[in-house]
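Me: Please take a close look at the salt bridges in this structure. Go pair by pair, and then show me the fold around them.

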Amino acid sequence: MKSPRILFEIQDDLSTSAIAVGDVSGSGRPELCTGGRDGILRLYDANQQEVRLLAQLDLPGSILSLRIADANNDGQMEIVVGRSIAPGDTPGKTGTLQVYRYNPSGRLDLLAEHPIDRFVTSVYVTDVTGDGKNKIIAGGSDSTFRILNLTTDNQLEEIVAYKLDDMPITIGTCDVIGDEIEEIIIGNRDRTLRVFKLRDHSVEQIEVLQLPSPVISLAAGDLLGDRKMELGVVTHDGSIRIYRNEESKLELFTTLEHVKALSIRIAELNADHMDEIVVATSDYKIVFYSLYMAELQEMASVDIGRKILSIAVADAGGDDRREVLVGVSDEPLKVIEGLYQVIPKFEVDLEGSTGGQMTGLLTVMNITDQPIQGISGKLYWFPKDHMEVTPQQIRLDLDPKETKRVEVQLHPRAEGSVIIRPIVLMWTDLEGKVKQVTTPEVAILVKGGTATAAPASAPPVQLRESHSAKEIIFEEPGFASVTGTGFGPVTAAQKAEAEDEAPVVSEASLKAAESLLDKLFGEESPETPDKALLDDIRKMVTEPEAATGAEAVEERPVIPSGVESSIVSEIRSRTPKPPRPGTNPDAYSYLFKTMVIGEGAVGM
């Protein structure tokens, strides 16, 4: 894949040492907040053609860490700042942890502050108790980490002040023990990675890992697309380690040694419903990795050319696609595009009836300036006898910037819940590499003669179409014709050249990959997919010469567990939490979770 482009730079934002993105103004679109070594806190609106400065505030000292979150749980976003003291300030008395709110008049108003030694190394804001209330976690230069509660009347209450053996450099969270409540992860200068659980206003250290070098950055995300979090860790020797929670402990999954890594972020960047890894390196590069066959594989890189001070991954432009934001020493802040090529969306009309018909709409957009041919996929659902689906096979080609839609007819046949599995669309690019994008699962509940649908999770990217899409009706198998969309015609010569350059994937390998998908998604069980099967599917298409057809694939039956652990029992008994402030209610999986793990769920 070619290197992602630098979309734009913010010329006045030099030597950016901290970056955060979130809806601070309450507009429904994200704003960009930056902090610098010079102590200047800036808030921008980057949703227009030109970046607009909304507010600016000069703070004493340097800004070292930023978060945008609903810190006081009142439904509005605040800016949480970790900074250093300035000359003349008193350590332990000057507020190095501060919380600000944007005032529409163009000000950043201080809501609360708290003194933590000479400087705050890292701040994090999230729910670590499972009560739906955010807490502020801050690391201090005095080798402590603090957990604070910001009350609705904007008073910072210190819940915990935990003394460590050495200074905490980086703070994050990850569900390590599998109870769907995040634990606190601390990366320390003393070469340890520590896991803490907050219970009843006290913390318990539940795991300590000794590493060969100080931990300088960490991030968590779903790298395998199995709804189970992996933890990415960068150490001072430039190595990357990926951990998984196995039997309520962190287990080393894979390592990439001495690759000059400085900082790590994990986020979804190409609409495949699996997170990617973004790493800033000491030789001035931004490198993108994916986790494939239990190894980290480089996807793309961008040469920044100067020392990188900070990175963040977020939707800075308000187009529902994440970008990589890079703070550079003595240079403007840079915004790099994600890895998106094809963006899918699958929607189901919200209500239907038993024996009636529901309509699903699969929308597929090519956002690149190159044609993409041979996109194929298949719909799977369970229980199979509870619904009829037409068509089941999806095949289409896309011109540059083109969008196409496919209507899917869904006929509920019985009461109960039906899960439409993720629709995996696959194709090969001009370099012969297999690509895929995935829609979220959709749950359909048929009860009392009516049907209700809800997505299992928010789609990784929301489509914002500025033109009409070509609708496709599948009357027989085959590829849909290529149709222009008004973004500029594709000449016959360009189309022929693209067809000549496009790699050929054998029909046998495609059939074998489909057979594996049948095994993966065609079972009458909602168990977690076998990772080996997922890897086999990717390998089957990337190495077509090794495939001999569906009959050559080894059978790997899914064996559901007959034992329910205490953690699963606890999760099942919980009432699904309401959506957090600022969350789109349409993206919330309350209904899906109720159907899948609640009373009368399928396959439990």
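Reply: Here is a walk through the charged pairs, followed by the setting they belong to.

Keep one thing in mind: this is a predicted model. The general idea comes next. Side chains of opposite charge can pair when their charged atoms come close. In this structure, 30 salt bridges turn up.

Start with Arg146 and Glu158. Their side chains form a salt bridge, with N and O 2.9 Å apart. Where do Arg146 and Glu158 lie? Arg146 belongs to strand E12, residues 144-150, and Glu158 to strand E13, residues 156-163. The two residues are 12 residues apart in sequence, so their pairing ties those parts together. Now look at the cover over each partner. Arg146 has 11% relative accessibility. The cut-off for buried is under 20%, so Arg146 counts as buried. Glu158 has 36%, which makes it partly exposed. One end of this bridge is buried, and the other end is partly exposed.

Next come Arg244 and Glu246. Their side chains also meet in a salt bridge, at 3.4 Å from N to O. Is Arg244 buried or exposed? Its relative accessible area is 5%, so Arg244 is buried. Glu246 has a relative accessible area of 28% and is partly exposed. Here again, the arginine is buried, while the glutamate is partly exposed.

The third pair is Asp283 and Lys285. Their closest N and O atoms are 3.7 Å apart, and they form a salt bridge. Asp283 is partly exposed, at 27% relative accessible area. Lys285 has 27% relative accessibility and counts as partly exposed too. Salt bridges can also link up through shared partners. One network of this kind joins Glu9, Arg306, Asp330, Glu331 and Lys334.

Now for the setting. The protein chain has 604 residues, and 53% of them count as buried. It holds 5 helices and 42 strands. Its accessible surface is about 26,200 Å², and carbon and sulfur atoms own 48% of that. What share of the contacts with a separation of 6 or more comes from residues 24 or more positions apart? The share is 54%.

One sheet is worth tracing by eye. It is open, has 4 strands, and runs in the order E6-E7-E8-E9 with antiparallel pairing. Strands E6 (63-69) and E9 (107-115) are the edges, and each pairs on one side only. From one strand to the next, the twist averages 25°. Zoom in on E6 and E7, where E7 covers residues 78-83. They pair in the antiparallel sense over 6 bridges. Ala69 stands opposite Glu78 in E7. The loop between E6 and E7 contains Asn73. Asn73 is not a glycine, yet its phi is positive, near 60°.

Lys260 shows a similar backbone feature: its phi is positive, about 65°, and it is not a glycine. Find Lys260 in the loop between strand E21 (249-256) and strand E22 (261-267). At 45% relative accessibility, Lys260 is partly exposed.

Then turn to the nonpolar parts. The largest nonpolar core has 34 residues. Which of them touch the most other members? They are Phe346, Val348, Ile375, Met387, Leu410 and Ile444. Take Val348 as a case. Leaving out residues up to four places away in sequence, Val348 touches Met358, Thr359, Gly360, Leu410, Val442, Ile444 and Ala453. Another core lies apart from the largest one and has 18 residues, including Leu269, Val278, Ile304 and Val324.

Two prolines close the walk. Phe382 and Pro383 are joined by a cis peptide bond, with omega near -10°. Pro383 sits in the loop between strand E33 (381-382) and strand E34 (387-390). The bond from Thr390 to Pro391 is also cis, with omega about -5°. Pro391 sits in the loop between E34 and strand E35 (393-398).

Back to your request. For a pair to find on screen, try Arg146 and Glu158, at 2.9 Å from N to O. Then find Arg244 and Glu246, at 3.4 Å. Finish with Asp283 and Lys285, at 3.7 Å.

Key: Residues are numbered from 1 along each chain as its sequence is written. This is a predicted model: local features need pLDDT of at least 70, side-chain atom pairs count only at pLDDT 80 or more; totals for chains, interfaces and linings use all residues. Side-chain values use heavy atoms; hydrogens and water are left out. Two strands pair if DSSP finds at least two bridges between them. Axes are lines fitted to C-alpha atoms, for helices over the stretch in contact, and angles run from 0 to 180 degrees between N-to-C directions. A salt bridge is a side-chain nitrogen of Lys or Arg within 4 Å of a carboxyl oxygen of Asp or Glu. Buried means under 20% relative accessible area, exposed over 50%, partly exposed in between (1.4 Å probe, protein chains only). A nonpolar core is a set of buried Ala, Val, Leu, Ile, Met, Phe, Trp, Tyr and Cys residues joined through side-chain atoms within 4.5 Å. Contact means heavy atoms within 4.5 Å. Accessible areas come from the Shrake-Rupley method with a 1.4 Å probe; for residues, only the protein chains shown count as cover.
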